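Let's look at how a few common structural labels are earned. Each one is set against its cut-off.

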Amino acid sequence: MTDEEKLRIQLMDCNDDWYLLTCLWEMDYKIKQLKEGYYQRYFPKNLKRNWGFNCCQCGERVQSDKDEFYYIVTIKWKDPHKPGKRFCSSQCADIFVSESEAWILRMKKVYQDARMNVRN
Ligand SMILES: [Zn+2]
């Protein structure tokens with residue numbers, strides 16, 4: 001079952017318009033946070049020990065001794081202490097951001113639909 005379907009079932013008998021409205025605001029806030037958490041980061045110069053990671057999207061190795069910078073996307077609302085996801089390029093980071101945004105928009109639609117069913 002998709003997250004969307006789960007949420008739809010969860011909200012089936014929801015009659016609390018204020019709650020749904022709050023959730024909608026939260027979704028908008030998440031989109032804002034997603035964009036704020038997206039930035040380019042340079043590797044510090046003269047590292048004593050090189051380090052690297054594999055791109056979260058394409059799996060390519062990024063290394064402090066061969067690359068100058070990388071991209072990072074922090075999903076603040078999930079766990080603010082958890083390091084963000086790292087990517088080799090803006091193209092890879094963009095895919096992640098647009099997929100996350102599409103997920104948020106799908107959730108938003110479920111909340112909007114649930115508000116239509118609230119009985120006054
Ligand atoms: Zn990549």
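**Labels and their cut-offs**

From the N terminus on, the chain's elements run α-α-β-β-β-β-β-α, where helices (H or I, at least four residues) and strands (E, at least two) are DSSP runs numbered from the N terminus. This is a predicted model, in which local features need pLDDT of at least 70, side-chain atom pairs count only at pLDDT 80 or more, and totals for chains, interfaces and linings use all residues. Residues are numbered from 1 along each chain as its sequence is written.

Q: Why is the chain called more spread out than a compact globule?
A: The globule rule (2.2 Å times the number of residues to the power 0.38, set against a radius of gyration over C-alpha atoms) gives 14 Å for 120 residues; the chain has 19 Å, well over that, so the label fits. Its C-alpha trace spans about 65 × 25 × 20 Å along the principal axes.

Q: How do you know that the span of helix α2 agrees with its 20 residues?
A: The expected span is 1.5 Å times one less than the number of residues. For residues 17-36 that is 28 Å, and the end C-alpha atoms are 29 Å apart, which agrees.

Q: What makes the buried residues of α2 line one face of the helix?
A: Leu-20, Cys-23, Lys-30 and Leu-34 are buried (20 or more other C-beta atoms within 10 Å of their own; exposed means 12 or fewer, partly exposed in between; C-beta atoms are placed from the backbone). Seen down the axis, they fall within an arc of 60 degrees, so they line one face; the arc is that of directions from the helix axis to the C-beta atoms. On the other side, exposed residues include Trp-18 and Trp-25.
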